[in-house]
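Biologist: Could you take me closely through one part of this model, the helix that comes first in the chain, and show what its inward and outward sides are doing? I would like the answer as one connected account.

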Amino acid sequence: MTTNKQYVELLTLPEKTATNYEDAIAKGLSMIPENAKGRLVILTDGKETKGDVGRMLQAVTASRTEVLTLLYEDEALRCGLLDALVAK
């Protein structure tokens, strides 16, 4: 954690071979200060191929965190979004 009040960089590169909502939500929740309202934004193809997001439901509810998802079905768009994130 840092003392920065805003997100400035990726902490890890996105995994391009699998979708693990459980891990993504756990990492996202760990970045939100205790007793603060949070918001996670997930870019997804909607196919969970690793982990189990159901295991995070209680943690998300307890943290009062809003979870927003953006579903994309176009492979070129997915690759473009990930490449743009990695390039920064």
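**Helix α1 and its surroundings**

Modeller: In this predicted model, the largest nonpolar core is made up of eight residues, namely Tyr21, Ile25, Leu29, Ile32, Leu40, Ile42, Met56 and Val60. Helix α1 and strand β1 each supply at least two residues of this core, and the element that gives the most is α1, with three residues.

The helix itself covers residues 21-30, and the residues buried in α1 are Tyr21, Glu22, Ile25, Gly28 and Leu29. These residues span an arc of only 135 degrees around the axis, so they lie on the same side of α1. An α-helix has 3.6 residues a turn, so residues three or four places apart point the same way. The partners against which the buried residues of α1 pack are β1, α2 and β2. Ile25 gives a detailed view of such packing: leaving aside its neighbours within four places in sequence, Ile25 is in contact with Leu40, Ile42, Val53, Met56 and Val60.

Turning to charged side chains, the count of salt bridges comes to three. Side chains of opposite charge can pair when their charged atoms come close. One of the salt bridges joins the side chains of Arg55 and Glu22, at 3.0 Å from N to O. Arg55 belongs to the loop between β1 and α2 (57-63), whereas Glu22 belongs to helix α1, so this pair ties together parts that are 33 residues apart in sequence. The two partners also differ in setting, since Glu22 is among the buried residues of α1, while Arg55 is exposed, because its relative accessible area of 55% is over 50%.

Another salt bridge links Lys27 with Asp23, whose closest N and O atoms are 3.3 Å apart. Here both residues lie in helix α1, four residues apart, which is about one turn of the helix. Lys27 counts as partly exposed at 40% relative accessibility, and Asp23 likewise counts as partly exposed, at 35%.

Just outside the helix, Thr19 lies in the segment before α1. Thr19 counts as buried because its relative accessibility of 18% is under the 20% limit. Not counting residues up to four places away in sequence, Thr19 touches Thr44, Asp45, Lys47, Glu48, Thr49 and Lys50.

The strands β1 and β2, against which the buried residues of α1 pack, have a salt bridge and a surface patch of their own. Glu66 forms a salt bridge with Arg39, with the closest N and O atoms 2.8 Å apart. Glu66 lies in strand β2 and Arg39 in strand β1, so the pair ties together parts that are 27 residues apart in sequence. Glu66 is partly exposed, with a relative accessible area of 36%, whereas Arg39 counts as exposed at 56% relative accessibility.

Val41, Leu43, Leu68 and Leu70 make a nonpolar surface patch of about 330 Å², and the elements that give two or more residues to this patch are β1 (38-44) and β2 (65-71). Leu68, which lies in strand β2, is partly exposed, with a relative accessible area of 34%. Strand β1 therefore appears in two settings, supplying at least two residues to the nonpolar core and two or more to the nonpolar surface patch, by the naming of strands as DSSP runs.

Key:
Residues numbered from 1 in each chain as written. Predicted model: local features only at pLDDT ≥ 70, side-chain atom pairs only at ≥ 80, totals over all residues. Heavy atoms only, no water. Patch = residues over 30% accessible without salt bridge, like charges linked within 9 Å, V, L, I, M, F, W, Y side chains within 5 Å. Areas by Shrake-Rupley, 256 points an atom, 1.4 Å probe, with all protein chains shown as cover. Salt bridge = Lys/Arg side-chain N within 4 Å of Asp/Glu carboxyl O. Buried < 20%, exposed > 50% of the residue type's maximum accessible area, 1.4 Å probe, protein only. Contact = heavy atoms within 4.5 Å. Core = buried A, V, L, I, M, F, W, Y, C linked by side-chain atoms within 4.5 Å. Arc of directions from axis to C-beta.
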